Amino acid sequence: MPTVMATPQARALIEELKSEHGTLCIHASGSYGVTVICLKARELRIGARDELIGTVEEVPVFLMTSEVDFWRGSVMILDVGHGIGPGFSLEGPRGLHFTLRKRASPTKRVWDANAILAAGAPPSLPFPETET
């Protein structure tokens, strides 16, 4: 099961939204292009394919069951970004959106993207000449 944490900015925004809208619920979906939606609890329909993975400021955080394996053993960090995100999440009218980052477990192999980019382009493979 992944662990859910939140930045101080995300916690503050959740508290603002709770004071304005009441009881909330957060749902995240997508492995690579994660969409995070925060709605009033009564407006978010949780189904059999959604799994409770934790809470932030007493707000339940759900993840699609199909995504749990991708995040397993990782720390999920809820944060806030500027600009309106996808969907109709409650923070959108503020010009903000929730984001979700993944901090890998120390036991998992971690790729260093900067080192990969610094290594340059892969060598070209010889392709047979084609007649045009």
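A residue counts as buried when its relative accessible area is under 20%. Histidine 97 makes a handy first example: its relative accessible area is 19%, so it falls on the buried side of that cut-off. The structure discussed here is a predicted model.

Now for the overall layout. The protein has three helices and seven strands. Read from the N terminus, the elements come in the order β-α-β-β-β-β-α-β-β-α. Of its 132 residues, 36% count as buried. The accessible surface adds up to about 8,700 Å², and carbon and sulfur atoms hold 57% of that. As for contacts between residues with a separation of 6 or more, 57% of them link residues 24 or more positions apart.

Next comes the sheet. Four strands form an open sheet in the order β3-β2-β5-β4, and the pairing is mixed. The edges are taken by β3 (residues 35-40) and β4 (residues 50-56); each has a single partner strand, so one side of each is left without a neighbour in the sheet. On average, neighbouring strands here are turned by 25° against each other, ignoring direction. In general, the strands of a sheet pair through backbone hydrogen bonds, and the pairing can be parallel or antiparallel. Strand β2 (residues 24-29) and β3 go for the antiparallel version, joined by six bridges. One pair to look for is alanine 28 and its bridge partner in β3, valine 36. Although β3 stands at an edge of the sheet, this strand is mostly covered, with five of its six residues buried. Helix α1 (residues 8-21) lies across β2, β3, β4 and β5 (residues 59-64), and α1 runs at about 130° to β2.

Two cysteines are worth a stop on the way. Cysteine 25 is buried, at 5% relative accessibility, and cysteine 38 is buried too, with a relative accessible area of 0%. Why is there no bond between their sulfurs? The sulfur of cysteine 25 has its closest cysteine sulfur in cysteine 38, but the 8.2 Å between them is too far for a bond. A disulfide would need the two sulfur atoms within 2.5 Å. The count of disulfides is zero.

Another strand pairing involves β1 (residues 3-6) and β6, which run parallel and share four bridges. Here alanine 6 sits opposite leucine 78 of β6. Strand β6 covers residues 75-82, and six of its eight residues are buried, so the rest of the structure largely encloses this strand.

That leads back to histidine 97, which is found in strand β7 (residues 96-103). A polar atom of the histidine 97 side chain lies 2.6 Å from the backbone oxygen of glycine 83. Leaving out residues up to four places away in sequence, histidine 97 touches Asp79, Val80, Gly81, His82, Gly83, Ile84, Gly85 and Glu91. Leucine 96 is found in β7 as well, and a relative accessible area of 18% makes leucine 96 buried. With neighbours within four places set aside, the contacts of leucine 96 are Leu13, Val80, Gly81, His82, Gly83, Ile84, Gly85 and Glu91. The C-alpha atoms of leucine 96 and glycine 85 are 7.0 Å apart, while eleven residues separate the two along the chain.

Finally, the loop between β4 and β5 has some backbone angles to check out. Glutamate 57 belongs to this loop, and its phi is positive, about 50°, even though this residue is not a glycine. Glutamate 58 is found in the loop between β4 and β5 too. Glutamate 58 has a positive phi of about 65°, again without being a glycine. How covered are these two glutamates? Glutamate 57 is partly exposed, with a relative accessible area of 25%, whereas glutamate 58 counts as exposed at 73% relative accessibility.

Definitions and conventions: Residues are numbered from 1 along each chain as its sequence is written. This is a predicted model: local features need pLDDT of at least 70, side-chain atom pairs count only at pLDDT 80 or more; totals for chains, interfaces and linings use all residues. Side-chain values use heavy atoms; hydrogens and water are left out. Two strands pair if DSSP finds at least two bridges between them. Axes are lines fitted to C-alpha atoms, for helices over the stretch in contact, and angles run from 0 to 180 degrees between N-to-C directions. Contact means heavy atoms within 4.5 Å. Buried means under 20% relative accessible area, exposed over 50%, partly exposed in between (1.4 Å probe, protein chains only). Accessible areas come from the Shrake-Rupley method with a 1.4 Å probe; for residues, only the protein chains shown count as cover. A polar contact is a pair of N or O atoms within 3.5 Å; within protein, one must be able to donate a hydrogen and the other to accept it, and residues adjacent in sequence count only if both atoms are side-chain atoms.
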